[in-house]
Amino acid sequence: MAIGSGLGAQVGIAAESSYGTFTAPTKFIEFTKESLQLKKTTAQSAGIAAGRLIPLSSRRVVTQRQASGSLEMEVTNKAMGVLLQSLMGTTVTPVQQAATAAYLQTHLLADVAGKSLVIQKGVPLTTGTVTDKSFVGCKVVSAEFSCENGGMLVASFEIDAKDCDETQTLAVATYPAMSPFHFGQMSVKTGTYASEAALDGIRKVSLKIERPQATERFYAGQSGLKKEPISNDQVKVTGSLEGDYVSTLLDDLHTSDGATSFVWDFTGPIIALTHAERITFKLPAIRLDDAPPTVEGFDVIKPTFNFTGLDDGTNPMAIEYMSTDVTL
């Protein structure tokens, strides 16, 4: 029996072969918080019957079902590939590095058609029995990554789902040895693409990637369930850089509205040879949106520069993930 509290909960994920088709989870995420919930649309008959003062229970119907919520976690050196693929859109096969145990995943920005997940969560009763809630047709509609001074790299994935299936068998959770990426491994670089230089004074970074999609595709003949969401707007990439005012580099970029390449990297221990565990976010062009720093007292000036990620017309936006995962 599991512990009858959140301590006994679990979340497993798997890529779907087709939208809304259950696949038993093969990866288990060490999450910190989740809010996935079934949402139903109901209609109540309003027919008038002589003397009836309250609607009949038997005349209430469920006309639509869908689900949504978020999944929050620390970003680790294993088991992140399926989520990153669902966010970015490119079909990825990990590439072995020089016959070592290191495998590189390169997630390039592409359309997310056909990229859906099963997210199965186990929710414990107080008795220790763990109930199954399997969310099918899960599409990542946005993800936000952030790391601050002294903290972990954390991520929050916003999910839209087709339905919640409670008839499946809860998979037995297994967890490989995993380590979180953290502030001590973080570096930030800006400059010319592929020749970026380290940016000093940064205390906190956040990055949000939004994948707008038509999520209300309810049609006749679908038993009240939606069809796969379709991208219906351009991808929105935003973020912020918080730090001490150690140079005018970012200030000058704001003034000129100049573009710079942006590389946000976390490099962990060596796997083999020169290949280290890492996750790297590469944006070929960002432009700074906010006004120059202001003086608000005696302390060191600590500006926050919000930025927008853009296409430089040549180089792709990418998330690189180096781990010992042979498959996603």
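Is Ala 99 buried or exposed? Ala 99 counts as exposed, because its relative accessibility is 71%, above the 50% that marks an exposed residue. Its place is the loop that runs between strand E6 (95-96) and strand E7 (103-108). The backbone of Ala 99 also deserves attention: its phi is near 60 degrees, a positive value in a residue other than glycine. The model in which these features appear is a predicted one.

A second loop residue may be read alongside Ala 99. Ser 223 is found between strand E15 (213-214) and strand E16 (230-231). Its phi is near 55 degrees, again a positive value in a residue that is not glycine. With a relative accessible area of 73%, Ser 223 is exposed.

The chain as a whole provides the setting for these residues. Its secondary structure comes to two helices and 21 strands. Along the principal axes, the C-alpha atoms fill a box of roughly 80 × 50 × 40 Å. Of the 328 residues in the chain, 45% are buried. Where contacts link residues at least 6 apart in sequence, 71% of them join residues at least 24 apart. The chain exposes about 15,900 Å², and carbon and sulfur atoms supply 53% of that area. As for charge, there are 27 positive and 35 negative side chains, and the centres of the two sets lie 11 Å apart.

The helices come next. Helix H1 spans residues 81-88 and is mostly covered, with eight of its eight residues buried. Among them are Leu 83, Leu 84 and Leu 87, together with the polar-named positions Gln 85 and Ser 86. After H1 comes Gly 89, whose phi is positive, near 105 degrees.

Before H1, the loop that begins after strand E5 (60-74) holds Lys 78. Lys 78 counts as buried because its relative accessibility is 14%, and the limit for a buried residue is under 20%. The side chain of Lys 78 makes a polar contact with the side chain of Thr 324, at 2.9 Å. Leaving aside neighbours within four places in sequence, Lys 78 is also in contact with Pro 176, Ala 177, Met 178, Tyr 321 and Asp 325.

Helix H2 (residues 249-256) contains His 254. His 254 has a relative accessible area of 19%, and it is therefore buried, since the cut-off is under 20%. Its side chain reaches the backbone oxygen of Asp 290 at 2.2 Å. Beyond its neighbours within four places in sequence, His 254 touches Leu 288, Asp 289, Asp 290, Ala 291, Pro 292 and Phe 305.

Which strand holds Thr 260? Thr 260 lies in strand E18, which covers residues 260-272. A relative accessibility of 7% is the reason why Thr 260 counts as buried. Its side chain reaches the backbone nitrogen of Gly 191 at 2.7 Å. Gly 191 is also one of the residues that Thr 260 touches, when residues up to four places away in sequence are not counted. The others in that list are Thr 190, Leu 253, Leu 283, Pro 284, Ala 285 and Ile 286. A further pairing places Thr 260 in relation to Lys 189: the two are 71 residues apart in sequence, and their C-alpha atoms are 9.7 Å apart in space.

The cysteines complete the account. How many disulfides does the structure hold? It holds zero. Cys 164 is in no disulfide, and the nearest cysteine sulfur, that of Cys 138, is 9.2 Å away. A disulfide would require the two sulfur atoms to lie within 2.5 Å. Cys 164 counts as buried, because its relative accessibility is 4%. Cys 147 is likewise buried, with a relative accessible area of 1%.

How values were computed:
Residues are numbered from 1 along each chain as its sequence is written. This is a predicted model: local features need pLDDT of at least 70, side-chain atom pairs count only at pLDDT 80 or more; totals for chains, interfaces and linings use all residues. Side-chain values use heavy atoms; hydrogens and water are left out. Helices (H or I, at least four residues) and strands (E, at least two) are DSSP runs, numbered from the N terminus. Buried means under 20% relative accessible area, exposed over 50%, partly exposed in between (1.4 Å probe, protein chains only). Contact means heavy atoms within 4.5 Å. A polar contact is a pair of N or O atoms within 3.5 Å; within protein, one must be able to donate a hydrogen and the other to accept it, and residues adjacent in sequence count only if both atoms are side-chain atoms. Accessible areas come from the Shrake-Rupley method with a 1.4 Å probe; for residues, only the protein chains shown count as cover. Lys and Arg count as positive and Asp and Glu as negative; His and the chain ends are not counted. The place of a charge is taken as NZ of Lys, CZ of Arg, CG of Asp or CD of Glu.
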